Amino acid sequence: MARLNSPEALEKLRQEITAGRDPDKPCITLCSGTACNANGSEKIAPVFAAEIEKQGLKGEVDLRRTGCHGFCERGPIVVIYPEEICYLQVQPGDAAEIVQSIKEKKLVERLLYKDASGARIAHEPEIPFYKNQQQVVFGFNRKIDPRSIDDYLAVGGYRALAKVLFKMTPEQVLEEVKKANLRGRGGGGFPTGRKWETTRDAPGEPKYVIVNADEGDPGAYMDRSLLEGNPHSVLEGLIIGAYAIGSHQGFIYVRAEYPLAVENVNIAIRQAREYGLLGENILGSGFGFTIDVHRGAGAFVSGESSALMTAIEGKVGEPRPKYVRTAVSGIWDRPSNLNNVETWANVPLIIGRGADWFASIGTKGSKGTKIFSLVGKVNNTGLVEVPMGVTLRRIIFDIGGGIPGGKKFKAVQTGGPSGGMIPEKFLDAPVDFDELTKLDSMMGSGGMIVMDEDTCVVDVARYFIDFLCDESCGKCVPCREGLKHMREILNDIVGGRGKPGDIELMEGLSKIMARASLCALGQTAPNPVMTTIHYFRDEYEAHVNEKRCPALVCKELIAYHIDPARCQACMICGRECPVNAISGGKGIIHVIDQQKCTRCGTCLDVCPARFRAVTKLSGEPVPAAIPERERVLVREKK
Amino acid sequence: MATQLAKVNEIIDKYPARPSVLIQLLLDIQGQFNWISRETIQCVSDRLGVPVSQIYRVASFYKAMSLKPRGKHVVNVCLGTACHVRGANRLMSKMEDTLGIKPGETTEDKKFSLERVNCLGCCALGPVMLVDKDYHGKMTPARVEPILKDYK
């Protein structure tokens, strides 16, 4: 492919690409993100290709594998253009019928979305999950093949880059980003323009720009989906930032756990280089820029800016004290600007559509949209993009479709291990950087883990502390030792060994860790504990004082019991019990031997729903087994 | 061993001989052999001019690297938050019982290694586990045994 040497050449190529594409030609798009691949999308693609050929539609129907659409719960997702007919949970066996339906201009009813009333919805944008979103950054994911730069060009890609290189000075670019008031999407919400300016003005050459794709926050995966599904948008943002900052070398630091993202971004870099959109003299502008991809190796703490930069140097990715910010002294002590994937992906949009457009979306202090990873105990799990300021209720109930199984909402966890748990009473709070901070949580990178009444907040707090204990690099004492002790206390509490004073002890420990830890990991580590104590103190007290787990989760505090009035002596639980703790036989009511029981919960899972004989108890004695002679089940005559 | 070192040298040749490539190199070696041996570390040290102690420090710090031989198949059970609230712990317990090992260990027949991973980024499908390169979503303890049977 010939290098493009001018913005005119880029536009000409774009016209050629779009001219060669008929917008009315049917196109089958198949979501091929990691989640859909996990659901079998990889196996479906070749079946579709074969089916198109078999039904004699080769050349008449296109097939495109796109990035993640967001509705991962219902993947693999197939959307037929131009009508945008959306089929969910498509299996290889459905391909023939779908291809035929295109030929006959019909719908495959059974694969359409079914709403609460049972009505089918055919068009993707009309599905409630999508209808209530505003997909600005994420929207192109479903339209383009991430491995095709031509697809990205066809939707206007790299136009913003041409604009900055030929029509704007670096200062103007900087001003535009500042005016848009873009704030970092990775956690802290620091104003991006100001960060860029610091690096630009810092003494020392060369300067570096970095994409943080070390999305370690468990429960969050928007950066993975963006980098996998639209890598060029991230590259374009990065090159624009480099131009504004005066950098000629960039890095993309990707988690090793994201192999598909690594693969797709490497392909994108190669393609951009071939077109002359990367490398020396980009589009003939005289500006040169190269990008290296650096894989992480599984360390949460390495997502912290100074740690990440140390890792790029090839050393152990541990944080250092930031008396001098990394924007001034980062990789090899040179000025280094770090932003996460989503932040960079916003940049071409701001340049292309203008700061005023961007600033018109969102709230006073938080502009633009935010992608959230809506997961946990919610019906429609997946990625959702909404304007800043939308309420939690709208996200969880209107988009997410509420809590499965008619359960009650309990809390939503935002901000990952540094964030907090927000209880029901704040469901109408608008979601933006400042509002979430006011609720003692934080935006973080956008993980939103919904918890229902069956989730024990003490157990979740312990989960986070356990996670952080594992991930703490151990360099500073407050974090290393503080977490360890916190874990011990929490293990005692969930294990029924909690003592009066434990809660207060954790509060004291939290204060010290927050003030004395070296990096943000340690400083924010107590947050999951602090917010749960703040909002759910009664649950902690129930664990400590009554040895009771109100959510019936903590293994050591619960018991399984078979209700003799409901047991139909079907023997299923007895057969499945891994430790043979259930006695009884055919026609003899089953009883769990509490001594033998390991509380694995298998009996509860397998007891037929029509019997519901197995129950969980906590904080009360298990009823004594009924006498032997009464155990013989007398079935009612039908 | 000679062939292994030849392969290691091949991997090293792909990179410029700079200390900054160390992590990338070790990841490739890990990917190739499923673990990083003492001899390999010595070889990398000689070629890059990085002390053995520093390489050990890097290799022991990161979760993606193993200093012990691992099994033919690596089972990664995700214990991310989304998977956790959907019962990943029970999945892990079942896996431990079935394989008879704890996370970080390898079965005696060297067939399986078990690892816990903090998030695979498939949160919508939780609980998730990854066996070699295959993702298995919406896992239940009951599906563990049938899935493992497919890995010979």
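Trainee: Why is A:Arg159 called partly exposed?

Mentor: This is a predicted model, and in it A:Arg159 has a relative accessible area of 44%. Buried means under 20% and exposed over 50%, so with 44% A:Arg159 falls in between and counts as partly exposed.

Trainee: What makes A:Arg159 and A:Glu11 a salt bridge?

Mentor: Their N to O distance is 3.5 Å. The cut-off is 4 Å, so the pair qualifies. A:Glu11 has a relative accessible area of 25%, so that one is partly exposed too.

Trainee: Where do A:Arg159 and A:Glu11 sit in the chain?

Mentor: A:Arg159 is in helix 7 of chain A and A:Glu11 in helix 1 of chain A. They are 148 residues apart, and the pair links distant parts of the chain.

Trainee: Which residues of helix 7 of chain A are buried?

Mentor: A:Ala160, A:Leu161, A:Ala162, A:Val164 and A:Leu165. They pack against helix 1, helix 8, helix 11 and helix 14 of chain A.

Trainee: How do you know that A:Asp62 and A:Lys25 meet in a salt bridge?

Mentor: Same kind of check: 3.1 Å from N to O, and the limit is 4 Å, so they pass. A:Asp62 belongs to strand 2 of chain A, while A:Lys25 is in the loop between helix 1 and strand 1, 37 residues away. At 32% for A:Asp62 and 24% for A:Lys25, each counts as partly exposed.

Trainee: What about A:Arg394 and A:Asp398, how far apart are they in helix 16?

Mentor: Four residues, about one turn of the helix. Their side chains meet in a salt bridge at 3.6 Å, N to O. A:Arg394, at 33%, is partly exposed, and so is A:Asp398, at 37%. Elsewhere, salt bridges with shared partners join A:Glu504, A:Glu507, A:Arg537 and A:Glu541 into one network. Over all chains the count is 52 salt bridges.

Trainee: How many salt bridges run between chain A and chain B?

Mentor: Seven. B:Lys138 forms a salt bridge with A:Glu73, with the closest N and O atoms 3.7 Å apart. The contact takes 59 residues from chain A and 35 from chain B. About 3600 Å² is buried between the chains, and carbon and sulfur atoms give 53% of that.

Trainee: On to the rings. How many aromatic pairs are there over all chains?

Mentor: The count comes to 16. A:Phe71 and A:Tyr130 form one that is edge-to-face, 6.0 Å centre to centre with 85° between the planes.

Trainee: Why is that pair of A:Phe71 and A:Tyr130 called edge-to-face?

Mentor: The centres must lie within 6.5 Å and the planes over 60 degrees apart; 6.0 Å and 85° satisfy both, so edge-to-face it is. A:Phe71 is in the loop between strand 2 and strand 3 of chain A, A:Tyr130 in helix 5, 59 residues apart.

Trainee: Are A:Phe71 and A:Tyr130 buried or exposed?

Mentor: A:Phe71 has 0% relative accessibility and A:Tyr130 has 5%. The cut-off is 20%, so both are buried. A:Phe129 pairs edge-to-face with A:Tyr130 as well, at 5.2 Å and 80°. Ring pairs link A:Phe71, A:Tyr113, A:Phe129 and A:Tyr130 into a cluster.

Trainee: What makes A:Arg255 count as sitting over the ring of A:Tyr258?

Mentor: Its charged end is 4.9 Å from the ring centre. The distance limit is 6 Å, so that part of the test is met.

Note on methods:
Residues numbered from 1 in each chain as written. Chains lettered and ligands numbered in written order. Predicted model: local features only at pLDDT ≥ 70, side-chain atom pairs only at ≥ 80, totals over all residues. Heavy atoms only, no water. Phe/Tyr/Trp six-rings, centres within 6.5 Å; stacked < 30°, edge-to-face > 60°. Helix = DSSP H or I, 4+ residues; strand = E, 2+ residues; numbered from the N terminus. Buried < 20%, exposed > 50% of the residue type's maximum accessible area, 1.4 Å probe, protein only. Lys NZ or Arg CZ within 6 Å of the ring centre and 35° of its normal. Contact = heavy atoms within 4.5 Å. Buried area = accessible area lost by both parts, 1.4 Å probe.
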